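Hi,

Here is the structure I said I would pass on. Have a look at it first, and my notes on what turned up are underneath.

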Amino acid sequence: MRITGGVLYVAGNGGSAADSEHIVGELMKSFLLKREISPTVRKTLIEKFQHEGEKIAEKIEGGLPAVSLPSLLALSTAISNDISEEMVFAQMLNVIGKKGDVFWGISTSGNSVNIVAAMMVAKAKEMVTIGMCGSETCKLDSFCDVIIHVPEKETYKVQELHLPIYHALCAMLESHFWKKEI
C-alpha cells in the first residue's frame, strides 16, 4: 500500500460525521506544530501582491488535502433524494475519488450501509481504504487495507475511543510531513 500525495476523504454518520469534520480540521491546518507554507507560494504571494501578499503569507498555514464528505450538505441531500441515502458517500467517491487517494470510513458498528458502499467504490477505484469501528467482526473488515477496531461495542464508548486514536494518527502525519518530533 503506497499513498502518493492524493486527497484523504473521510465519512461517517452522526457522531462519526462530527469525527470526520474533526479529523479534517486537524489535517487542513496546524494541529500540534506550526506548519509553514511552501517557499514557492510565499514568494509568489509577495511578488504578485506585495504587502497584502506578505500579510497573507504570514497568516496561512501548510496542510494536508482532506475532505469531510458529510460536510457536503446540499450534495448529500440531492443524492439522498434523487438516488438513495445509502449511496451518498459512494456517489461522491465515484465522482471525485481517484487512485492514490485515501478513503477513511468511520462506523461504530462497522456495518453502516452507506460507509460499506463507499468503501466498495473506493476499492473499485484503487483508493487506499481505512476503516475505524468497534470491537465486533463487521462488513468493513472485508474492504479495508487498514482496519482499526476499538475494544467496545456501545456507540458512545466506541466514539470515545476513536478520538485519541485519530488524534494520534493526525499527530503522526503532521510530524512526518513537517519533519519534526512531537
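A quick word on terms before the tour: helices here are DSSP runs of H or I with at least four residues, strands are runs of E with at least two, and both are numbered from the N terminus. Counted that way, the protein has six helices and five strands. Reading from the N terminus, they come in the order β-α-α-β-α-α-β-α-β-β-α. Do keep in mind that this is a predicted model.

First, the overall picture. The C-alpha trace spans about 55 × 40 × 30 Å along its principal axes. The radius of gyration is 18 Å, which agrees with the value near 16 Å for a compact globule, because the chain has 182 residues. Of those 182 residues, 42% are buried. If you take the contacts between residues at least 6 apart in sequence, 66% of them join residues at least 24 apart.

On the surface side, the accessible area comes to about 9,900 Å², and carbon and sulfur atoms account for 59% of that. As for charge, there are 18 positive and 22 negative side chains, with the centres of the two sets 8 Å apart.

Now to α6, which covers residues 155-177. This helix has 23 residues and reaches 33 Å from its first C-alpha to its last, close to the 33 Å expected at 1.5 Å a residue. Which residues of α6 are buried? They are V158, H162, Y166, C170, A171, E174 and S175. As a reminder, an α-helix has 3.6 residues a turn, so residues three or four places apart point the same way. The cover over the buried residues of α6 includes α1 (15-28), β3 (102-106) and β4 (128-133). After α6 comes K179, with a positive phi near 50°.

One more residue to click on is S76, in helix α3 (residues 73-82). Is S76 buried or exposed? It counts as buried, because its relative accessibility is 10% and the cut-off for buried is under 20%. Setting aside neighbours within four places in sequence, S76 is in contact with L69, P70, V88 and M92. If you want to find your way from there to α6, S76 and L161 are 27 Å apart in space, C-alpha to C-alpha, and 85 residues apart in sequence.

Cheers

Note on methods:
Residues are numbered from 1 along each chain as its sequence is written. This is a predicted model: local features need pLDDT of at least 70, side-chain atom pairs count only at pLDDT 80 or more; totals for chains, interfaces and linings use all residues. Side-chain values use heavy atoms; hydrogens and water are left out. The expected span of a helix is 1.5 Å times one less than its number of residues. Buried means under 20% relative accessible area, exposed over 50%, partly exposed in between (1.4 Å probe, protein chains only). Contact means heavy atoms within 4.5 Å. The radius of gyration is taken over C-alpha atoms; the globule rule is 2.2 Å times the number of residues to the power 0.38. Accessible areas come from the Shrake-Rupley method with a 1.4 Å probe; for residues, only the protein chains shown count as cover. Lys and Arg count as positive and Asp and Glu as negative; His and the chain ends are not counted. The place of a charge is taken as NZ of Lys, CZ of Arg, CG of Asp or CD of Glu.
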